[in-house]
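Please walk me through this protein structure in plain terms. I would like to follow it along the chain, with reasons where they can be given.

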Amino acid sequence: MCCSICSSSSFKVIKKYKNHNSFFDNKTICECNLCGMQFVNPMPLAEEWENYNASYFLNAHGGNEISNWVLYYNIGIAKIRLLSLTEYIELNEIKIKSVLEIGPGRGFLMEQWLNKFPDTSYYVVESDETVHGQIIKKGGTIINSTDVSKIGEVDLIIATHVLEHTLKPLAFLKKFCGVLRTGGAIFVETPCQDHLYKNLHEPHVQFFDKSNLKDCFNELEFNNLSLTYNGDKISRIRMISTLKKVVIKLERILKIPLHLLLGDFWPNLMKFNLSKNEALAIVETSPHIEKMTKSRWVRCFGQKTAK
């Protein structure tokens with residue numbers, strides 16, 4: 001067993017892995033003594049991990065059915081990510097005509113992108129075939145991970161909340177970035193060491209901090225890097241999230257605009273093109289807020305350098 005980022009075999013156990021699914025029994029979370037990357041030990045075997053992810057939504061979330069409230073949440077977060085992505089692309093004057101998204105799930109971000117840029121060729125690699133129908137309906141073209149080279153070069157690669165599910169994240173990025181054109185962009189987002197505040201750690205096998213993703217991007221020789229912490233500070237996440245959840249629940253019951261008490265936690269509806277229900281749904285996690293210290297997510301952008 002070695003670190004998935006720097007390959008060091010020197011690491012320490014920091015806690016027991018907490019899970020419901022027996023697939024994750026008898027595992028610990030370890031930290032690399034060299035680069036600080038945190039990961040599951042022992043890591044699942046490649047074949048058994050592939051089988052688990054082939055039915056990811058059933059194994060990790062109990063199926064594909066979601067409530068309207070969860071739908072609002074996912075659409076709201078997709079709109080927040082879209083704005084961050086388009087701002088980065090415009091700042092660096094990157095022309096996008098083709099996109100490869102890895103692990104889009106039900107395709108919420110893809111749907112928002114294609115609403116804004118309908119002429120884009122949008123390719124998708126998604127291991128869980130149960131969501132393929134939704135992806136195709138929303139305009140995505142499904143390709144097998146082994147056939148990625150057949151699509152030619154793309155202008156943008158997206159992998160949001162995917163790397164924490166990979167056994168070898170650096171190798172994973174190198175593989176898919178092989179089809180990214182020189183000057184093209186990559187967008188990656190992961191949870192930030194979410195074992196620090198979650199009662200259950202499954203189904204994540206990697207636990208990133210900003211420095212770990214920066215190491216990955218530097219190894220890939222990307223430039224024009226933008227790495228930010230987003231959402232609530234981890235040090236206050238339980239208290240703040242609970243408070244916001246109570247305020248929003250009361251607003252929905254009493255029909256009183258209590259969200260006005262939330263200050264910066266309340267997103268600008270016009271700026272992010274959010275409906276009120278979408279804004280209410282995302283307030284608990286605050287994806288629109290950028291922080292200087294460890295927060296719920298790490299959001300990263302980079303541009304491929306000519307070699």
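**A walk through the model**

P42 sits in the loop that joins β3 (38-41) to α1. The model shown here is a predicted one. The peptide bond leading from N41 into P42 is cis, and its omega is near -5°. A second cis peptide bond runs from E202 to P203, with omega near 5°. P203 also belongs to a loop, the one between β8 (180-191) and β9 (206-207).

After the loop with P42 comes helix α1. In this helix, which covers residues 46-54, the buried residues are W49, Y52 and N53. Looking down the axis of α1, these buried residues fall within an arc of 90°, so they line one face of the helix. The face turned away from that buried side carries E47, E50 and N51, which are exposed. Part of what covers the buried residues of α1 is α2 (56-61).

The next stop is a loop residue with an uncommon backbone angle to look at. E93 lies in the loop between α3 and β4 (98-102). Its phi is near 50°, a positive value in a residue other than glycine. The relative accessibility of E93 is 69%, and because the cut-off for exposed is over 50%, E93 counts as exposed.

Helix α8 can be treated in more detail, beginning with its length. The helix has 18 residues, 237-254, and at 1.5 Å a residue it should span 26 Å. The C-alpha atoms at its ends are 26 Å apart, which agrees with that expectation.

Which residues of α8 are buried? They are I237, I240, S241, K244, V247, I248 and E251. These residues cover an arc of only 130° around the axis, which puts them on the same side of α8. The cover over them includes α3 (68-91), β10 (222-233), α10 (276-282) and β12 (295-304). On the face turned away from the buried side, α8 carries the exposed residues M239, L243, K249 and I253.

The surface here also holds a nonpolar patch. It is formed by V246, L250, I253, L254 and I256, which together have about 440 Å² of accessible area. One of these residues, L254, lies in helix α8. L254 has a relative accessibility of 47%, and therefore counts as partly exposed.

Helix α8 is followed by K255. This residue is found in the loop between α8 and α9 (269-272). The phi of K255 is near 60°, a positive value in a residue other than glycine. At 70% relative accessibility, K255 counts as exposed.

The last stop is S286, in the loop between α10 and β11 (290-291). Is S286 buried or exposed? Its relative accessibility is 0%, and because buried means under 20%, S286 counts as buried. Leaving out residues up to four places away in sequence, S286 touches G231, D232, K244, F265 and W297. One of these contacts leads back to α8, where K244 is among the buried residues. S286 and P257 are 29 residues apart along the chain, and their C-alpha atoms are separated by 18 Å.

Definitions and conventions. Residues are numbered from 1 along each chain as its sequence is written. This is a predicted model: local features need pLDDT of at least 70, side-chain atom pairs count only at pLDDT 80 or more; totals for chains, interfaces and linings use all residues. Side-chain values use heavy atoms; hydrogens and water are left out. Helices (H or I, at least four residues) and strands (E, at least two) are DSSP runs, numbered from the N terminus. The expected span of a helix is 1.5 Å times one less than its number of residues. Buried means under 20% relative accessible area, exposed over 50%, partly exposed in between (1.4 Å probe, protein chains only). The arc is that of the directions from the helix axis to the C-beta atoms. Contact means heavy atoms within 4.5 Å. Patches are made of residues with over 30% relative accessible area and no salt bridge: like charges are joined within 9 Å, nonpolar side chains (Val, Leu, Ile, Met, Phe, Trp, Tyr) within 5 Å. Accessible areas come from the Shrake-Rupley method with a 1.4 Å probe; for residues, only the protein chains shown count as cover. A salt bridge is a side-chain nitrogen of Lys or Arg within 4 Å of a carboxyl oxygen of Asp or Glu.
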